[in-house]
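The following exercises concern a single protein chain. Each task is followed by a solution that proceeds step by step.

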Amino acid sequence: ARGFRAMVLEPVSEVIISLDEWGRSGGDDRAYQRLEKLGIIPSAVLEGNARKHDALERWLPLAGSLLAALIQCVPPPAAVVPGSRFYSAEVVHAADGRTSF
């Protein structure tokens with residue numbers, strides 16, 4: 001559990017904090033340098049959560065991996081219950097190679 005926290009949760013948390021600092025200050029140099037070291041360059045066109053979402057998706061693209069894991073791990077329903085609803089998601093491939101639901 002400590003390894004997961006140190007290797008996954010803390011770096012993701014630091015990136016999110018840096019994105020927040022960079023967005024609030026209008027381009028804080030220290031925050032930008034931390035992001036640039038990781039190869040994360042926030043879009044100048046987007047603002048707020050859209051900028052954060054775009055930067056995180058570029059750095060850590062999880063949409064396709066999560067969908068594949070769900071398809072492999074979640075079993076289909078045993079029987080259809082009358083009145084139940086089923087939802088599906090479609091993976092969309094963007095022109096820049098990213099995928100999303």
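A residue is called buried when its relative accessible area is under 20%, exposed when that area is over 50%, and partly exposed in between. The model to which this cut-off is applied is predicted.

**Exercise 1. Classify R51 as buried or exposed, and locate it relative to L19.**

Step 1. The residue R51 belongs to helix α3.

Step 2. Its relative accessible area is 13%. Since the cut-off for burial is under 20%, R51 is therefore classified as buried.

Step 3. In sequence, R51 and L19 are 32 residues apart, while their C-alpha atoms are 8.4 Å apart in space.

**Exercise 2. Describe the overall architecture and state where the confidence of the prediction is highest and lowest.**

Step 1. The protein contains four helices and two strands. Read from the N terminus, the order of elements is α-α-α-α-β-β.

Step 2. Of its 101 residues, 16% are buried. The exposed area is about 8,100 Å², of which carbon and sulfur atoms supply 59%.

Step 3. Consider contacts between residues at least 6 apart in sequence: 38% of them join residues at least 24 apart.

Step 4. The mean pLDDT of the protein is 77, and 83% of the residues score at least 70. Confidence is highest in α3, at 82, and lowest in strand β2 (residues 99–100), at a mean of 68. As a caution, where pLDDT is low, the predicted coordinates should not be read in detail.

**Exercise 3. Identify the residues of the largest nonpolar core and the helices that supply them.**

Step 1. The core has seven residues in all: V15, L19, W22, A31, L35, I40 and A55.

Step 2. At least two core residues come from each of α1 (2–25) and α2 (29–37). The most is given by α1, with three residues.

Step 3. A general tendency gives the context: in soluble globular proteins, nonpolar side chains tend to be buried together.

Step 4. Take A31 as one member of the core. With neighbours within four places in sequence left aside, A31 contacts S18, E21 and W22.

**Exercise 4. Determine how many salt bridges the structure holds, and analyse each pair.**

Step 1. There are three salt bridges in the structure. In general, side chains of opposite charge can pair when their charged atoms come close.

Step 2. One salt bridge joins the side chains of D20 and K52, with an N to O distance of 2.9 Å. Because D20 lies in helix α1 and K52 in helix α3 (residues 48–59), this pair ties together parts that are 32 residues apart in sequence. The partners fall into two classes of accessibility: D20 is partly exposed at 29%, whereas K52 is buried at 19%.

Step 3. Another salt bridge links E10 and R5 through their side chains, at 3.5 Å from N to O. With a relative accessibility of 34%, E10 is partly exposed.

Step 4. The side chains of R58 and D54 also form a salt bridge, with N and O 3.0 Å apart. These two residues are separated by about one helical turn, because they stand four residues apart in helix α3.

**Exercise 5. State the burial of D54 and list its contacts beyond four places in sequence.**

Step 1. The residue D54 is located in helix α3. Its relative accessible area is 8%, so D54 counts as buried.

Step 2. Not counting residues up to four places away in sequence, D54 touches S43, L46 and R98. In addition, its side chain meets that of R58 in the salt bridge of Exercise 4.

**Exercise 6. Which residues make the nonpolar surface patch of about 420 Å², and how accessible is V8?**

Step 1. The patch is made by F4, M7, V8 and L9.

Step 2. Of these residues, V8 is placed in helix α1. Its relative accessibility is 33%, and V8 therefore counts as partly exposed.

Definitions and conventions
Residues numbered from 1 in each chain as written. Predicted model: local features only at pLDDT ≥ 70, side-chain atom pairs only at ≥ 80, totals over all residues. Heavy atoms only, no water. Core = buried A, V, L, I, M, F, W, Y, C linked by side-chain atoms within 4.5 Å. Buried < 20%, exposed > 50% of the residue type's maximum accessible area, 1.4 Å probe, protein only. Contact = heavy atoms within 4.5 Å. Salt bridge = Lys/Arg side-chain N within 4 Å of Asp/Glu carboxyl O. Patch = residues over 30% accessible without salt bridge, like charges linked within 9 Å, V, L, I, M, F, W, Y side chains within 5 Å. Areas by Shrake-Rupley, 256 points an atom, 1.4 Å probe, with all protein chains shown as cover. pLDDT = per-residue confidence, 0-100.
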